[in-house]
Amino acid sequence: MRLSRYFLPVLKETPADAQIVSHRLMLRAGLIRQHTAGIYNWLPLGYRVLRKIEQIVREEQDRSGAVEILMPTVQSADLWRESGRYEDYGKEMLRIVDRHERDMLYGPTHEEVVTDLFRSIARSYKDLPRNLYQIQWKFRDEVRPRFGVMRGREFLMKDAYSFDLDEAGARRAYNKMFVAYLNTFARLGVKAIPMRAATGPIGGNLSHEFLILAETGESGVFVHKGVLDKTVPADVDFDGDLQPIVDDWTSLYAATDEMHEEGAGAELGDDLVSARGIEVGHIFYFGTKYSKPMGCTVAGPDGAPVDVHMGSYGIGVSRLVGAIIEACHDEAGIVWPEEVAPFKVGLINLKSGAAETDAVCEDLYAKLEKAGVDVLYDDRADERAGAKFATMDLIGLPWQVIVGPKGVAAGVAELKNRATGERVELSFDAILARLA
Ligand code: ATP
Ligand code: MG
Ligand code: MG
Ligand code: MG
């Protein structure tokens with residue numbers, strides 16, 4: 001992509017109303033623009049990151065055996081009356097009346113819709129187990145939307161729903177999601193720690209939240225410091241027994257403030273780390289909470305009807321864009337982990353319009369594109385070198401290739417690593433070999 005033809009409104013000034021660094025950087029680096037409170041436009045650069053995160057989340061859901069579907073954003077209130085949640089959900093639900101005076105709503109979550117879908121299709125225990133997931137926009141009329149996409153009103157969630165014959169099966173489904181989440185966050189380049197969590201309006205009794213530690217997090221967290229060093233197991237067999245992995249991760253103390261036990265602090269002493277965290281994922285097992293009132297049953301092996309055991313599993317896809325920036329930035333701007341970076345390489349032409357640097361840049365650009373490397377080429381003729389450097393640091397692409405007249409005369413360009421700041425002069429071919 002050529003910057004001269006892109007849509008990248010970089011801001012020099014720090015937006016006054018943005019209170020946390022990720023929100024400021026998302027506005028300054030031209031990732032998002034607010035439409036109205038808690039509702040955002042995703043600009044090209046931000047949308048690329050959102051799609052990369054979405055794709056990693058999707059691949060890890062697929063790997064765990066979940067099956068992707070897409071449910072509607074606008075839902076019928078009748079289903080929520082069946083489950084008993086229509087009144088309970090309160091003001092966070094955006095309620096809509098259609099032209100026939102029917103009560104509708106913009107979905108804050110999809111337990112009711114998926115239970116209705118499943119009961120209309122599943123007939124017997126042979127249709128189990130299943131895990132259906134989607135990546136879909138939600139609306140919650142948050143009292144205080146803030147911190148940009150971290151607490152939006154409209155936001156993108158990956159939500160999965162598991163269906164099993166009994167509690168033991170549901171536990172296996174829960175463990176699959178638990179491990180899929182560990183893998184997902186590791187691939188996204190962030191450390192998200194599973195913690196025992198309260199279940200809130202979704203209900204149920206077994207639940208973990210996954211939190212990224214960050215000073216600006218909205219939850220207080222208390223963790224045994226050993227949890228911080230845990231690693232994610234490679235090459236998990238999702239058909240095997242995952243309980244040992246889950247037990248390993250949950251053996252050390254880790255709780256959000258809602259679940260924190262007074263005595264734990266004294267008992268753990270110096271091993272207890274008290275910090276703040278951002279909730280990026282949440283998994284629940286809630287048994288027959290929805291299947292029973294909504295009549296989602298299948299015929300068991302003996303032919304008698306059984307209420308299906310369910311769980312639900314969310315990841316805040318759009319919140320993750322902000323959360324990753326909270327964890328990955330420096331004074332100059334964003335420092336994207338390579339897996340989610342909007343482009344891998346930023347190509348800077350220090351003298352756009354000069355025949356020599358133009359020729360080298362055009363050649364590098366064409367060859368990188370041909371090799372399938374995502375490149376953003378700063379070919380702007382009306383920007384000075386200093387502004388080009390600042391923009392590239394701000395948007396945080398992992399690699400910068402800097403092409404100037406002196407280097408070109410000597411047959412070299414500079415390759416800069418955004419994360420370490422390390423710069424090396426290399427021949428054009430050596431640069432291509434490193435990046436492609
Ligand atoms: P929170 O405690 O932050 O309000 P929640 O517990 O209400 O979140 P869940 O119902 O568990 O949220 O939804 C699953 C995931 O969706 C959360 O873990 C979070 O990452 C994301 N999420 C929830 N609310 C928002 C929001 N307003 N903006 C962006 N992401 C959100
Ligand atoms: Mg909430
Ligand atoms: Mg929560
Ligand atoms: Mg939650």
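**Close-up views of the ligand site and selected backbone features**

**Figure 1. A polar contact between His 282 and ligand 1.** In this predicted model, an N or O atom in the side chain of His 282 lies 3.1 Å from an oxygen atom of ligand 1. Considered by itself, ligand 1 exposes 580 Å², and the protein buries 85% of that area.

**Figure 2. Backbone atoms of Gly 152 and Gly 316 beside ligand 1.** A nitrogen atom of ligand 1 is 2.8 Å from a backbone N or O atom of Gly 152. The partner of Gly 316 is an oxygen atom of ligand 1, which is 3.4 Å from a backbone N or O atom of that glycine.

**Figure 3. The pocket that holds ligand 1 and the residues around the ligand.** Ligand 1 occupies the largest pocket. Two elements each give two or more residues to the surrounding shell, namely strand S8 (residues 154-164) and strand S13 (residues 272-287). Of the elements, S13 gives the most, with 4 residues. In total, 14 residues surround ligand 1. The closest are Glu 142, Arg 151, Gly 152, Glu 279 and Arg 319. Sorted by class, the shell comprises 5 nonpolar, 4 polar and 5 charged residues.

**Figure 4. The cis peptide bond between Leu 128 and Pro 129.** The bond leading from Leu 128 to Pro 129 is cis, and its omega is near -10°. Pro 129 belongs to the loop that runs between helix H4 (residues 111-121) and strand S7 (residues 130-139).

**Figure 5. Glu 101, a residue other than glycine with a positive phi.** The phi angle of Glu 101 is near 65°. This glutamate is located in the loop between strand S5 (residues 94-97) and strand S6 (residues 103-106).

**Figure 6. Helix H5 and the glycine that comes just after it.** Helix H5 covers residues 167-187 and has 21 residues. From its first C-alpha to its last, the helix reaches 30 Å, close to the 30 Å expected at 1.5 Å a residue. Just after H5, the backbone of Gly 189 adopts a positive phi of about 80°.

Technical notes. Residues numbered from 1 in each chain as written. Chains lettered and ligands numbered in written order. Predicted model: local features only at pLDDT ≥ 70, side-chain atom pairs only at ≥ 80, totals over all residues. Heavy atoms only, no water. Expected span 1.5 Å × (residues − 1). Near = heavy atom within 4 Å. Polar contact = N/O pair within 3.5 Å; in protein donor to acceptor, adjacent residues only side chain to side chain. Areas by Shrake-Rupley, 256 points an atom, 1.4 Å probe, with all protein chains shown as cover. 1 Å grid on protein atoms, 1.4 Å probe; cavity = no way out; pocket = protein on both sides within 12 Å on 5 of 7 lines; lining within 4 Å. Sits in = over half its atoms within 2 Å of the grid points. Nonpolar A, V, L, I, M, F, W, Y, C, P; charged D, E, K, R; others polar.
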